[in-house]
Structures are given as C-alpha cells and as structure tokens.
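Visitor: I would like to learn how to read a model like this. Where do we start?

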Amino acid sequence: MNVDDITRVAVLGAGSMGHGIAEVAALAGYEVALRDIDEDLVQDGYENIEWSVEKLAEKDRLDEDPEVVLDRITPLVDLEAAVGDADVVIEAVPEVMDIKTEVYGSLEEYAPDRAIFATNTSSLSITDLSEMTDRPEQFCGMHFFNPPVRMQLVEVITGKHTSEETLETVEALAESFDKTSIRVRKDSPGFVVNRILTPLLNEACWAVNEGGADIRTVDSTGKYDIGIPMGPFELADRVGNDVAHHVLEYLNSELGEAYEPCPLLTEKIDEGKFGEKTGEGWYDHDEGVEIPADAGEGAIERRLLAVLANETAKLIEDSVAPIEDIDEAMMLGAGFPDGPGKLADAAGVETLVETLEGRHAETGHPRYEVSDGLREIADNGGFYADDEGEASGRAYEQISVEIDGRVGHIEIDRPHRMNSITVQMLEEIEHAVEALEEDDDVRSLLVSGAGDRAFSAGFDAASAAPGSGLEATEISRYGQQVTGAFEECPKPVVAAIDGYCLGGGMELATGADLRVASERAQFGQPEHNLGLLPGWGGTQRLSAIVGEGRAKEIIFTARNDYDAETMADYGFVNEVVENESFEERARELARELAAGPPIAQKFTKRAMHAGRDDTGAGLEVEAAAFGHLFTTDDVWEGLAAFQQDRDPEFEGQ
Ligand SMILES: C/C=C/C(=O)SCCNC(=O)CCNC(=O)[C@H](O)C(C)(C)COP(=O)(O)OP(=O)(O)OC[C@H]1O[C@@H](n2cnc3c(N)ncnc32)[C@H](O)[C@@H]1OP(=O)(O)O
C-alpha cells in the first residue's frame, strides 16, 4: 500500500498516547476511528482532543475550523466498526502482553487484508507482536512521544518480518502527520530514545547512590553543563519513575546486568514516589523544583556523557541506527541540545572511554564495560570522524549555508527549539557572514529560519542561566557583534521572516537591510517578560528603524504577537507576502539586490549607518545592563516562569 491510498486510520486505545495520535492524524486530514473498551474511556479521550484542538485554534495554529478537525474523529467502542474499513491501524493499548494478544486476535478478524498494523509500544518486541497476526510483513512499530501533538519525533521500527514497502508507507504516513521519522533498523529493546535516555537516568541515580553527589548537583550538571532541557532527576519525575524503572527492568531482562536498575530508583517505586503524577518523586512538587545553575561538577558530567556515548556506540555497532539518526532522534524526542554523538565528540570520546575504564576498575559494574563500538569510534577520532581519523564534522551544526547563484543563504537550523540561538550558533553565523563577505561571487545575503514555525524565538532560554553578570555582559557584547555583522557586511542582507521572530531573533533581523515577512509572521521583543532587556542591539538599532516611540512600545509591552502588517506599518517589515509565495519572493528580492552595484551598495550602507547617533555608546550601556540583570532574582523568576509555562512575578530584586 502507498501512503496516497490511506484515507482511514483507526487508533486503538484512547489513553494519553492513543488520543494524541488520533488528534495528529485528524489534523493531517485523515478520517479517524478512536476506539477503547468502554464508552467513558473513549469519551475522555475525545474530550481531551477537543480541548487540545481548541488550544491550537487559540494559538492560531489551525488552518481550519476546530469543528472540521473534530468531525473527522469518530469515538467508538465496537472494534469491528472501528477497524472494518481502516487502511492503517495504530495500536496504543496498555503495555500488557495479555491485552495486546487479545486485541491482535480480534483485529486480525475484522481488519481488511490491505490494512497495515502499527504498534505504538515502547517496550515490547515488534517481532513478537507481529507474530500474533497473520500479516507480520504488514506490521511495524510507530512510536510517538508524549504528547504526540507537540513532539516532532516518530520512531518507525522494523520487526523481523516487516517488508520494506510497509516501512516506507509508515514513514510517509508519519511525514504526512507533519512529524519527522527515524528508522529503527532492528527490533532492539528500547529502540533508540528510551535505550539511551533510561541508562542516563539510571546513572544519575547511581551517582547519588554511591554517596558522592546530591540530586541538585547532578541535575545542575545535566541541565546547565550538558544543556539537556531538564536535569536527569527532574526528567525522571516528569516521565514517571515507575515508567523509567519499568523500561530499565525490561532492558535488564533482555540485555543483561549493565541495565540493573539502581536500588535508589527501586526504593522510590516501593515508596510510591513516581514523580509529578504522585506529587513527589525526587522532588516534592508542591514545593516546586529549583535547580542551581552553578552547582555542576565536571566528574559527573564526564560520567553521564560516558554512559550516553557507550549506549550510542552499542546501537551503531548493533546496526540499530546510524549516528546521524540517533542524534536527530535524541534532539527531537528528548530535547537534547545536540545529539549524544556530537556531545561526546565535543567532550572527547577518548576521555569518555578513560572515564568508563576508571569507573569499571573502581566498581567492577558491567554498565561501565566499554563497548567494542565505542573503542573503535575513539580510535577513529570520534562519532563524526572520517576514515583518516580526523574530525570531519560539517562546518556548521546549527545553521546551514548554501550559495544559490549570487545569493549566500544562511538558514538558522534548530527548528525543534524554534530556531532559538545559542552561543555556538552566534559563532557559526559570524563565521558564515565573514566567509560570504569574502566570497566575490556572492553579492547579497539571505537569512531565514528552518521550518515554518519560527524565524527565531530568540536567545536559547533553556541554556541561559542567571549567575555571572560578567559572562552575560560578554554574551550581550558578542550577540551585538554578530547581529551587527549583517549591518557591517558591505553586501545587502535580506531577512526572510516566517513564524515567530522574537527577542534575539528579532535583533538579528534588525541587523538586516530589508525584511520580507510571511502573513503569519509574529514579532516582538519579549525580554521584559524574562526580567531582561533586549541585549543584542535591540535598545539601539530598533529605534533607528521604527523610531524611538515605536521601539519603546515594542520593548515595554513585551508582546510576542505583533503581526506582519503592523510591523510593516511601523516600517520594520518592507514587504508582507502570502505564506505560500513568501519563500520564493524573499529569494527573488535577494537575487534582485545581488544584481545591484556592489560598490554603491557598500558605500550607501556605510554612509547611512555612519549618520546615526552614537550607537556605540548605547550598545556599551546595553551590554553592561544585560550583564547586571543576569545577577538579579527577577531573571531567575523570568526564566523559571518560561520553563514552567506560567506568568512571572517580579519583585524588582
Ligand atoms: C539577548 C537575547 C535575549 C532573548 O532572546 S531572550 C528570549 C526571548 N524569547 C522568548 O522569550 C520567546 C520564548 N518562547 C515562547 O514564548 C514560545 O515558545 C513561543 C511563543 C515562541 C511559541 O509558543 P508555542 O507555540 O506554544 O510553542 P512552545 O511549545 O513554547 O515551543 C516549542 C519548543 O521550542 C522551545 N523554545 C521556544 N522558544 C525558545 C527559546 N527562546 N529558547 C529555548 N527554547 C525555546 C520550547 O521550549 C519548546 O520546546 P519543547 O518542545 O522541548 O518543550
């Protein structure tokens, strides 16, 4: 079956995953049957979808009426009616073998022969499940992440009997759901994301169990030094300690003692402290979770990275997935800032091997045995090393650069985090602008954001940690320099703005000479919501374009929803273009400018910018203030409120 032949999708199980998957399928335009074993369960699932679809509409993220989406979903209890005419059946019933056996038995009886079966299991063998049916070649894993409507990743897992045609169709189906699929090429316990994430959580527990660390130190290391969105304990409380323990027990039974659950984790389970859902886990969630930004320890960082690297290498060695797919999966499925391969390369794979060897000598525990795969990767010079053993790494990791005729195109490329900007990305942008400036064949620059949700939502708030004012002043100065690089570039620069253009992202666009926006673009300088000020030139350069009155309005209101037409009225946006034709129009404009007179363009930019008041002095005050603000309680509050999705309460401290 081809993906174009699919019109009807049946989802079995209306729990949190089932109803989420049904919603995703309906949003993509499929007719969906949502089935569970009793009326109340199906109705609960359907009501959850109603709530979620309404939320999407409120956020302006629906192209059609919510009722139209909801009308595509039929809640049902009768299995035969649910699957009788289905092209694809996605099973998301509880992870209990007996329940699955019963479901697949009946399913085979009612579903048409053409139907593909896909299971959302996270911890059972795809091959075993496929063998419960008469169509194992039409059976594969389709593993979504929670909540499906928000999480970008789908692992498509092959079973022993799965045909290539089935895998390709399910991958295309995931794509039509607007998801990114990675193929798990072997039916291996935990697939990719859980296989890497759970040993990380386990290792965090072992670090505390051995008495050398407390949970806040470990979480501070994970969150602020490695840069994962939550500390390991914070994350375990979010996914549920019971869930993490269950996956570990499964890995332990299938793969051996290296996956022995840490006794401290087992204790939490015995005490019923499952995390957020029970109000208490590693943290007391009535009191809230506060993780210090500066309590990380290098030894713990190396230990966590070493375990990540070892697991990753085992998956590669076992042909479960190549490194590029593993890295992408961990970024999209677990919010890693970079994949484990990239993180390990940055830390030095050889160092991580030594860390594992040292811990193995000390404890004798099998989880520290260095896999053959990791040794080989270390010998080759890293996960992203070429055959000669030199780090080949792509020149850029967080942006992509291409030369299209006479236009140098820089694309900000972190769509899974709204193209938010890290210090590494600033370095890459600076390097790219310099390289394009020096390339005589390039006559104009175009800068845009990957995907259609954001040009950029600003500085990466997840990696920002209040603390050293001096460091923040430096980050501000550096951001000013990079956002100013467009201004100083002698060639004309066009910013192509689609989706959100906020904070540092808007400051980057401010540095461009012309701005083209899609109708759906949204602008703002929301830094005051975080207790900050626009620190990458926003207090200076925005006024030069829209005038001081408008600039103050934009900064003080801290809104994030200025629409493109309004920003065109304010003089910020030069052209607003229909969403569909926007990208082509931005390219066309960049091409037009590339045909202009380079010397006249260079001197025009220089003359116009030289005529401004003393922006240099203003930038210096901005950077000093930005640094000072990073030492205040208000920034703690602002960043915490963003991460916890609530309104901040500023005390002016
Ligand atoms: C000197 C420069 C300073 C600055 O630039 S300070 C930062 C200024 N920017 C902001 O304050 C904007 C922060 N972001 C937002 O308010 C919201 O996002 C949006 C309005 C842009 C979109 O909201 P929604 O449609 O509900 O999406 P979502 O679930 O919030 O975002 C999707 C994923 O993107 C991550 N993300 C968004 N913005 C940032 C950011 N600025 N830094 C780091 N991550 C960001 C989220 O956390 C989430 O990630 P997950 O799916 O893992 O939960």
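Guide: Start with one residue, and keep in mind that this model is predicted. Exposed means over 50% relative accessible area. K59 has 54% relative accessibility, so K59 counts as exposed.

Visitor: Where does K59 lie?

Guide: K59 is in a loop. The loop runs between α2 (39-58) and α3 (66-71).

Visitor: Which residues form the positive surface patch with K59?

Guide: The partners are R61, R150 and R453. Together with K59 they make up a positive patch on the surface.

Visitor: Now a contrasting case. Is L124 buried or exposed?

Guide: The cut-off for buried is under 20% relative accessible area. L124 comes out at 14%, so L124 counts as buried. L124 also sits in a loop, between β5 (116-119) and α6 (126-130).

Visitor: How far apart are L124 and M97 in sequence and in space?

Guide: In sequence, 27 residues separate L124 and M97. In space, their C-alpha atoms are 8.3 Å apart.

Visitor: Let us zoom out. How many helices and strands are in the protein chain?

Guide: The protein chain has 27 helices and 18 strands. Its radius of gyration is 26 Å, close to the 26 Å from the globule rule for 653 residues, so the chain is as compact as a globular protein of that length.

Visitor: What does the C-alpha trace span along its principal axes?

Guide: The span is about 75 × 60 × 55 Å.

Visitor: And how many of the 653 residues count as buried?

Guide: The share is 54% of the protein chain. L124 is one residue that counts as buried.

Conventions
Residues numbered from 1 in each chain as written. Predicted model: local features only at pLDDT ≥ 70, side-chain atom pairs only at ≥ 80, totals over all residues. Heavy atoms only, no water. Patch = residues over 30% accessible without salt bridge, like charges linked within 9 Å, V, L, I, M, F, W, Y side chains within 5 Å. Areas by Shrake-Rupley, 256 points an atom, 1.4 Å probe, with all protein chains shown as cover. Salt bridge = Lys/Arg side-chain N within 4 Å of Asp/Glu carboxyl O. Lys, Arg positive; Asp, Glu negative; His and termini not counted. Charge placed at Lys NZ, Arg CZ, Asp CG, Glu CD. Helix = DSSP H or I, 4+ residues; strand = E, 2+ residues; numbered from the N terminus. Buried < 20%, exposed > 50% of the residue type's maximum accessible area, 1.4 Å probe, protein only. Rg over C-alpha atoms; globule rule 2.2 N^0.38 Å.
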